[in-house]
Amino acid sequence: MIHRHVMGREGMLLATLVALAMFAVAFFVDTPNTLAGNMGICLPSPNMWGLSPLWGWITNLIFMTVLTVTLFLVNKEFSFVQGSDTVLTGMFIIMASSNTWISGTLSSTLLLALANLICLLVLFGCYRKRNSAQELFVIATILSLGSMIQYAFIFMMPAYLIGAMLLKCFNFKGFIAFLMGIVAPYWVGVGLGIIPLGWFTMPTFTNLFDGYATKSGLFIGLVNVALTVLTGFLLSLNNTVRLYAGNTQRRLCNTAINVLGLVCAACMVIDFNNMVVYMATVYMITAIQLANLFALWNIQHGSRWLSGLSLVYVLGFLLMVFY
């Protein structure tokens, strides 16, 4: 296996500064409107929390920081990307920050990505475990709690059932525990009177892009996301060749990650008006595959390739803001 450092601490510092700059420009220059529509089942989604634009932006930045640190720690624990380079976290913050739909305003997208990362952490911990009922209950509970503020969390559930099968920790007892985890938060919330029945409503299927982006900005943003999805898909196919010949657990963990990516990509097409919520997870999974590329293959002039790719995302960001 190749363990070449192509980014390093200096590259991570530069990526962080660039990401912070894009966050600042997205808010103070582009000043996007708050996303429309309440997508929670019984609680308001983040864009409806009533925070001022500045506090919403600060909260969004905190979510991004927590997500990036958690991504680093989860990979350190399970090494689904081999080696200690900073390509994973560095490229994730560049790609995610380059889209003003993520960096410019508060939404559920970073929360969904963080929930997915925590669920993956729990899932990886029950690899080949005979009794994984507790872990599957925790995963379902996290996603069920998330569905209260964003219905898209529900669509992630099949990905983790498939992931449990791939990691050979799925059985009937675990499936029952998973179902109980889905029901438990609502049962407790309603039973204790924390969530009145009158709070349950159908999500407001408002076009989230109304008044939020110009036609040119919308087009550039969609191109950004489409290229990221395509890149992630091609990289996952390419990396499978090396991963198949390597550590079994690492290969299966990456396969579970790819299943989650496919589910999110499909949801972005089917659930188009709510596609923003899936974006951060897609960027995260593409960053994982990009980091795997440099960890598994001997890429000549790797730092130049990363610099060029980062420049493409930054240029796309500038076009979204100023064009």
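A helix here is a DSSP run of H or I at least four residues long, numbered from the N terminus. Keep that in mind as you go round, and remember that you are looking at a predicted model.

**Stop one: the nonpolar patch**

Start by selecting F219, which is found in helix α9. Is F219 buried or exposed? Its relative accessible area is 57%, so F219 is exposed.

Now widen the selection to F219, V223, L227, L230, F233, L234, L237 and L262. Together these residues form a nonpolar patch on the surface, with about 780 Å² of accessible area. Colour helix α9, residues 215-244, and you will see where the largest share of the patch comes from: seven residues belong to this helix.

**Stop two: aromatic rings**

Next, show the aromatic side chains. A search of the whole structure finds eight aromatic pairs. One of them is worth zooming in on: F28 and W57, with ring centres 5.5 Å apart. Their planes stand at 70°, over the 60 degrees that counts as edge-to-face, so that is how this pair is classed.

Which helices hold the two partners? F28 lies in helix α1 (residues 8-28) and W57 in helix α2, so the pair ties together parts that are 29 residues apart in sequence. Switch on a surface and compare the two residues. F28 counts as exposed, at 53% relative accessibility, while W57 counts as buried, at 12%. Add F27 to the selection too, since ring pairs link F27, F28 and W57 into a cluster.

**Stop three: along helix α2 and past its end**

Stay with helix α2, which covers residues 53-78, and move to T68. With a relative accessibility of 11%, under the 20% cut-off, T68 counts as buried. What does T68 touch, once residues up to four places away in sequence are set aside? Select T89, F92 and I93 to see these contacts.

Then go to S79, in the loop between α2 and α3 (87-97). S79 counts as partly exposed, with 26% relative accessibility. Look at the backbone here: S79 is not a glycine, yet its phi is positive, at about 50°. As background, most residues other than glycine have a negative phi.

**Stop four: another positive phi**

For a second example, jump to K168, in the loop between α7 (157-166) and α8 (172-191). This residue is not a glycine either, and its phi is positive, near 60°. The relative accessible area of K168 is 47%, so the residue is partly exposed.

**Stop five: the cysteines**

From K168, step along to C169. The relative accessible area of C169 is 1%, so this cysteine is buried. How many disulfides does the structure hold? The count is zero. C169 is in no disulfide, and the nearest cysteine sulfur, that of C126, is 3.2 Å away. Why is that pair left out? A disulfide requires cysteine sulfur atoms within 2.5 Å, so a separation of 3.2 Å does not qualify.

C264 is in no disulfide either; for this residue the nearest cysteine sulfur is that of C267, 6.3 Å away. C264 counts as buried, at 0% relative accessibility.

**Stop six: the salt bridge**

For the last stop, select K129 and E135. The side chains of these two residues meet in a salt bridge, with 2.5 Å from N to O. In general, side chains of opposite charge can pair when their charged atoms come close. How many salt bridges does the count come to? The total is one.

The partners sit in contrasting surroundings: K129 is partly exposed, with a relative accessible area of 36%, whereas E135 counts as buried, at 13%. E135 lies in helix α6 (residues 133-147). Beyond its neighbours within four places in sequence, E135 is in contact with V122 and C126 as well as K129. C126 is the cysteine you met beside C169 at the previous stop. To finish, draw a line between the C-alpha atoms of E135 and G125: these residues are ten apart in sequence and 8.2 Å apart in space.

Technical notes. Residues are numbered from 1 along each chain as its sequence is written. This is a predicted model: local features need pLDDT of at least 70, side-chain atom pairs count only at pLDDT 80 or more; totals for chains, interfaces and linings use all residues. Side-chain values use heavy atoms; hydrogens and water are left out. Helices (H or I, at least four residues) and strands (E, at least two) are DSSP runs, numbered from the N terminus. Buried means under 20% relative accessible area, exposed over 50%, partly exposed in between (1.4 Å probe, protein chains only). Contact means heavy atoms within 4.5 Å. Patches are made of residues with over 30% relative accessible area and no salt bridge: like charges are joined within 9 Å, nonpolar side chains (Val, Leu, Ile, Met, Phe, Trp, Tyr) within 5 Å. Accessible areas come from the Shrake-Rupley method with a 1.4 Å probe; for residues, only the protein chains shown count as cover. A salt bridge is a side-chain nitrogen of Lys or Arg within 4 Å of a carboxyl oxygen of Asp or Glu. Rings of Phe, Tyr and Trp (its six-membered ring) pair if their centres lie within 6.5 Å; planes under 30 degrees apart count as stacked, over 60 as edge-to-face and the rest as tilted.
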